[in-house]
Amino acid sequence: MSRKVLITGGTGMIGTRLAEMLIDGGYEVALLSRTPGSGRYRSFRWDPLAGTIDEAAVPYADYIINLAGSSVSDGKWTQERKREILSSRLAGTQLMARELAKGTHHVQAFISASAIGIYGDRDDQIVTEETTPAPDDFLAEVCRQWEAAAQDVADDGIRTAIFRIGIVLSPEGGALVPLARTVKLMAGAPLGSGRQYMSWIHLDDLCRLFIQAMEEPQWQGVYNAVSPTPVTNKEFTETLAGVLHRPLVLPKVPEFGLKLVMGEMSEIVLASQRVSAGKTLRQGFKFEYPTLREALESFYGEQ
């Protein structure tokens, strides 16, 4: 049985681990890349902004996992940077939708990334997939347009699952690396009030979630890709310090200081998002790392 998976954005932290787990599961993996041929996997050339793609790419695939998008945490959010954040997600997803609409393929499912940024800052309100996107919020608008582009694939009759991804925990990259570094240097402290909720997911659980959604036909529509136990920023910082066996000696990092350093991008760490995993759990997904301590100990437990 042919089991070929095509990944967009496959060289990032999530895509790299996902490809490893797919190979371990007996799948063949290929990546879409602007510079193909340089990695360990088969790759096809594409240039989303130019709207070009190797004609053999989509016909290769049984499944497509769409992760392409530039990091929201690299550099201040200038107008140019905001355009890049949006276009890097929108152009690739729209190009996939256009190619899939041609019908000259055998793609069984399209799995697309989105983010919990769609909810904006919700204080301690528990948000679900039914919660409306935040108005007048840059990240929410990016996610809304990103999901609308993926919905075009579903409208063409291809089973589509969209995952609103929380803070992905990995010692290889993402938000955990700088947080752990500051705690190890005994410079860790809650950010802002420390009361804002962080909805997180272990990298391996996220990859297992993608694979399960790809394999099982009941997965379609929008799901939150977060653990069932969101924590406040203060709880996150204290748990991380406990696992790393470091004291927390500094007071909170003030909100105005973060805004001064990070500008509008400070909303990534200051926005409170208490996101429900209920729908994902009801679909039958079992988290290997449901609690923060379990997740952090999987990375730092031997220290």
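**Exercise 1. Decide whether glycine 157 is buried or exposed, and say where glycine 157 lies.**

Solution. Begin with the relative accessibility of glycine 157, which is 65%, and compare this value with the cut-offs: buried means under 20% relative accessible area, exposed means over 50%, and partly exposed lies in between, with a 1.4 Å probe and protein chains only. Glycine 157 therefore counts as exposed. Next, find its place, which is the loop between α4 and β8, where helices (H or I, at least four residues) and strands (E, at least two) are DSSP runs numbered from the N terminus. Finally, glycine 157 and lysine 286 are 129 residues apart in sequence, and their C-alpha atoms are 28 Å apart in space.

Before going on, note that this is a predicted model, in which local features need pLDDT of at least 70 and side-chain atom pairs count only at pLDDT 80 or more, while totals for chains, interfaces and linings use all residues. Residues are numbered from 1 along each chain as its sequence is written, and side-chain values use heavy atoms, with hydrogens and water left out.

**Exercise 2. Find which residues tryptophan 146 touches, and describe its surroundings.**

Solution. First locate tryptophan 146, whose place is in helix α4 (residues 138–155). With a relative accessible area of 6%, tryptophan 146 is buried. Then list its contacts (heavy atoms within 4.5 Å): leaving out residues up to four places away in sequence, tryptophan 146 touches Asn66, Ala68, Arg89, Leu90, Thr93, Ser112, Ala113, Ser114 and Ala115. For alanine 115, which is 31 residues apart from tryptophan 146 along the chain, the C-alpha separation is 9.5 Å. As a last step, look at threonine 93, whose side chain is joined to that of tryptophan 146 by a polar contact of 3.4 Å; such a contact is a pair of N or O atoms within 3.5 Å, where, within protein, one must be able to donate a hydrogen and the other to accept it, and residues adjacent in sequence count only if both atoms are side-chain atoms.

**Exercise 3. Work out how many disulfides the rule gives, and explain the count.**

Solution. Start from the rule that a disulfide is a pair of cysteine sulfur atoms within 2.5 Å. The sulfur of cysteine 143 has its closest cysteine sulfur in cysteine 207, at 19 Å, which is too far for a bond. The count therefore comes to zero disulfides, since the sulfur of cysteine 207 likewise has its closest cysteine sulfur 19 Å away, in cysteine 143. Cysteine 143 counts as buried at 4% relative accessibility, and cysteine 207 counts as buried at 0%.

**Exercise 4. Describe the order of the strands in the open sheet, and name its edge strands.**

Solution. Write down the order of the eight strands, which is β4-β3-β2-β1-β5-β6-β8-β12, and note that the pairing is mixed; two strands pair if DSSP finds at least two bridges between them. The edge strands, β4 (52–53) and β12 (221–225), each pair on one side only. Now turn to β8 (residues 159–165), which pairs with β12 in the parallel sense over five bridges. Within this region, arginine 164 has asparagine 224 in β12 as its bridge partner.
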